[in-house]
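Here is a short briefing to read beside the structure. Keep the model open as you go through the points.

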Number of protein chains: 2
Amino acid sequence: MKMNRIYFTVGPTELFPEIKKILIDAIDNKIFSLSHRSREFTDINKHTEKELKKLLNIPEDFYVFYVGSATEAMERIIQNLVEKKSCHFVNGYFAERFYNIAEQLKKKPYLIKAKYGEGFDFDKIKIPADSELICLTQNETSTGVALNMQDIYKIKEKNPGKIVAVDVVTSVPFVRIDFKKIDCAFFSVQKGFGMPPGLGVIIIRKKCIEKTKYLKERNCNIGSFHNFISLAENAEKNQTAVTPNIPGIYLLGKVCELLNKKGIEKIRKETIVKAEMMYDAFPDSGLGTGKEIRPFVQDKNLRSFTTPVFNVNNGSDVIAGKMKKKGFVISRGYRDFKDSQIRIGNFPMHKISDIKRLLEALKSI
Amino acid sequence: MKMNRIYFTVGPTELFPEIKKILIDAIDNKIFSLSHRSREFTDINKHTEKELKKLLNIPEDFYVFYVGSATEAMERIIQNLVEKKSCHFVNGYFAERFYNIAEQLKKKPYLIKAKYGEGFDFDKIKIPADSELICLTQNETSTGVALNMQDIYKIKEKNPGKIVAVDVVTSVPFVRIDFKKIDCAFFSVQKGFGMPPGLGVIIIRKKCIEKTKYLKERNCNIGSFHNFISLAENAEKNQTAVTPNIPGIYLLGKVCELLNKKGIEKIRKETIVKAEMMYDAFPDSGLGTGKEIRPFVQDKNLRSFTTPVFNVNNGSDVIAGKMKKKGFVISRGYRDFKDSQIRIGNFPMHKISDIKRLLEALKSI
């Protein structure tokens, strides 16, 4: 029996409908019994990297590393690229997590904080000179603020000697990234790639591994099996350090293949159309108009296309509960915003017609 | 089209045939779209823990933690239970990995080494008094040596103040573990549980978390999201620290349910029968008899039931290649033993009739 319910959550979210057949074929072909040192798995790894690099326009001088989650990506990035000081732009809970991880790993992170729901005054911000790594959350899933990639590129331009790492967990593959202008990006697959959770992906400029080697020489703790030297050595051979989430790597290649066939520019255009449908359906209220649902992020230029966040008047639990009964699952607000906000995932597997139905349901309650 | 090939590899290995239907049902029911904070996922987590605890007879005062691999389990165990010194029994490459991880994490591990293919003279060994953690590899997949659990219990008896952690990666669920007599065990699911890879499981006495708390107070680096304090806090709520490998946790519960229905004692008996069939088919050669295939481990009491290892005369590549053509995939030797040995997985999804066919094929080449 199939469930007639569609997930518009910000992740885990609705799977691509093709996932089922891909998994069945993989099991029939015993893909998940392969050794990670076999030629067959090496070929799968190569295929996934090729399709992902094509989809996201990743240059040759970048590695693709696989870890268990986007949070593990944050941990490994700090552990392998920072001796003492990272610098964190924090305007939401996921950026905060990145900062906290640096503290937990006994680094001395700098904190550049903005109000949650807002962006940064990039022109005025000075990055401390001894920052080794600059961390930005391009799409803050907890607040629905999406930073402009141009602002991020400028930070790199002004700080060419520092490594710039960007959290694009809930904005890939939609967000257009010029990898010549950043050093590292990471995401997990249960958002815009419409896959089951359990795989984190780090895309990193090969040159950054020199920093890891420097840390190793200085006897820093760079971790063990997932340190970047080990990950890079294995990536050079299209392998992984240990037996990885083979279903995840296999599915990612197949999903990227699907998206490449559809065309990334078409996906981007559709994402914008769907986001505009949402923001148009629930416009700003202005003061005192008493609108039930309205965008949380005030600056229209910062509103996320992939994870719009709305303030609600009458408790997010009531709205989410009513929507679920109608067959639509949406996310409630994050942490402090839990009761006062709803968040809606707008990813490539969500069709324009799905969004139409979602918005009609949301308006009717 | 289904592949007519059966995997007798030591892991990843043949999947339980039921995996396909379980995955299809899960996708139809949108299990992999669930939030890891949802009540539905909490129920799944609870179910998996209940079935696993029943299968392996795990007491109430133990946590079940999920990580990405058995290697991550090793890393987190060292990171969270050792301030300075762990003590490692090393008689193969996976025990060596555990030791190396302690070094990589800047601890000062003690090394108790035996020849690969042999066990330890436990009565004569003295554990250094300042060892905080004692690490043993119960079933060494690289050599096919299985330590006797009674010897491991005696170590704990003699060292009641030290934490004893046991690698049972390729021996669960076959190996009978008395959790009252050890503190921690870990494994991954692509071996005896016949699942796709991507999930590591740590079973740990709740009291051990006091050591992690002590380390935290001493400002030690216990890692970030997967530190044991965070894992324990979430486990108390039947949750996980971050979005986990939900397919892995879900499948593990369903596989344990299957195994519990079949009965663990029946599985253990069958495993012994199948192992004896293998060792009987290829007995010791004695000197100069020129037998092509013979057990690597000389001490019969130490021969693994789940991962028998055999020396071969004419190159493991030739044998493995010929077997593959006949539809049987076996593992070659590990590292230094690559060319001179074959390794055969004997796990619960391998039927007695499968082993018969395998042995006939192996004898005919």
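In this predicted model, helices H6(A) and H7(A) are oblique to each other. Their axes make an angle of about 135° and lie 9 Å apart. An angle of that size is neither under 35 degrees nor over 145, and it falls outside 65 to 115, so it counts as oblique.

**Helix pair H6 and H7, chain A**

- H6(A) covers residues 209–217, and H7(A) covers residues 228–236.
- From H6(A), the contact uses Ile209(A), Thr212(A), Lys213(A) and Lys216(A).
- From H7(A), the contact uses Phe228(A), Ile229(A) and Ala232(A).
- Sorted by class, the H6(A)–H7(A) contact holds four nonpolar, one polar and two charged residues.

**Helix pair H6 and H7, chain B**

- In chain B, helix H6 (residues 209–217) packs on helix H7 (residues 228–236) at an angle of about 135°.
- The axes of these two chain B helices are 9 Å apart.
- H6(B) and H7(B) are therefore oblique to each other.
- H6(B) brings Ile209(B), Thr212(B), Lys213(B) and Lys216(B) to the contact.
- H7(B) brings Phe228(B), Ile229(B) and Ala232(B).
- Four nonpolar, one polar and two charged residues make up the contact of H6(B) with H7(B).

**Helix pair H2 and H8, chain B**

- Helix H2 (residues 39–56) of chain B packs against helix H8 (residues 246–262) of chain B, with an angle of about 40° between them.
- The axes of H2(B) and H8(B) run 8 Å apart.
- This pair, H2(B) and H8(B), is therefore oblique too.
- H2(B) and H8(B) cross in a left-handed sense.
- On the H2(B) side, the contact residues are Phe41(B), Ile44(B), Asn45(B), His47(B), Thr48(B), Glu51(B), Leu52(B), Lys54(B) and Leu55(B).
- On the H8(B) side, they are Ile246(B), Ile249(B), Tyr250(B), Leu252(B), Gly253(B), Cys256(B), Glu257(B), Leu259(B) and Asn260(B).
- The class split for the contact of H2(B) with H8(B) is ten nonpolar, five polar and three charged residues.

**How the two chains are related**

- Chain A superposes on chain B after a rotation of 180°, with 0.0 Å of shift along the axis.
- The RMSD of that superposition is 0.0 Å.
- This is the relation of a two-fold axis.
- Which residue of chain A comes closest to the rotation axis? The answer is Gly68(A), whose C-alpha is at 2.8 Å.

**The interface between chains**

- The contact pairs 44 residues of chain A with 44 residues of chain B.
- Four helices of chain A each give at least two residues to the side that touches chain B: H1 (19–28), H3 (70–81), H4 (93–104) and H8 (246–262).
- H1(A) supplies the largest share of that side, six residues.
- By class, the side of chain A that touches chain B has 20 nonpolar, 16 polar and eight charged residues.
- The copies meet through the same surface, because 100% of the interface residues of chain A are also interface residues in chain B.

**Domains of chain A**

- The domain assignment splits chain A into domain 1 (6–13 + 263–364) and domain 2 (19–261).
- The C-alpha centres of domain 1 and domain 2 of chain A are 26 Å apart.
- Domain 1 of chain A puts 26 residues into the contact, and domain 2 of chain A puts in 23 residues.
- Helix H9 (residues 264–281) of chain A gives four residues, the largest share of the domain 1 side that touches domain 2.
- The side of domain 1 of chain A that touches domain 2 of chain A comprises 14 nonpolar, seven polar and five charged residues.

**Backbone points in chain A**

- The peptide bond from Gly11(A) to Pro12(A) is cis, with omega near -5°.
- Pro12(A) sits in the loop between strand S1 (6–7) and H1 of chain A.
- A cis peptide bond also joins Val172(A) to Pro173(A), with omega near -5°.
- Pro173(A) belongs to the loop between strand S8 (163–167) and strand S9 (184–188) of chain A.
- Lys30(A) is a residue other than glycine with a positive phi, near 55°.
- Lys30(A) is placed in the loop between H1 and helix H2 (39–56) of chain A.

Definitions and conventions
Residues are numbered from 1 along each chain as its sequence is written. Chains are lettered from A and ligands numbered from 1 in the order in which they are written. This is a predicted model: local features need pLDDT of at least 70, side-chain atom pairs count only at pLDDT 80 or more; totals for chains, interfaces and linings use all residues. Copies are superposed by least squares on the C-alpha atoms of residues with pLDDT of at least 70 in both. Two residues are in contact if their C-beta atoms, placed from the backbone, lie within 7 Å. Domain bounds come from an automatic or database domain assignment. Ala, Val, Leu, Ile, Met, Phe, Trp, Tyr, Cys and Pro count as nonpolar, Asp, Glu, Lys and Arg as charged, and the others, Gly among them, as polar. Axes are lines fitted to C-alpha atoms, for helices over the stretch in contact, and angles run from 0 to 180 degrees between N-to-C directions. A crossing is left-handed if the near helix is turned anticlockwise from the far one by less than a right angle, and right-handed if clockwise.
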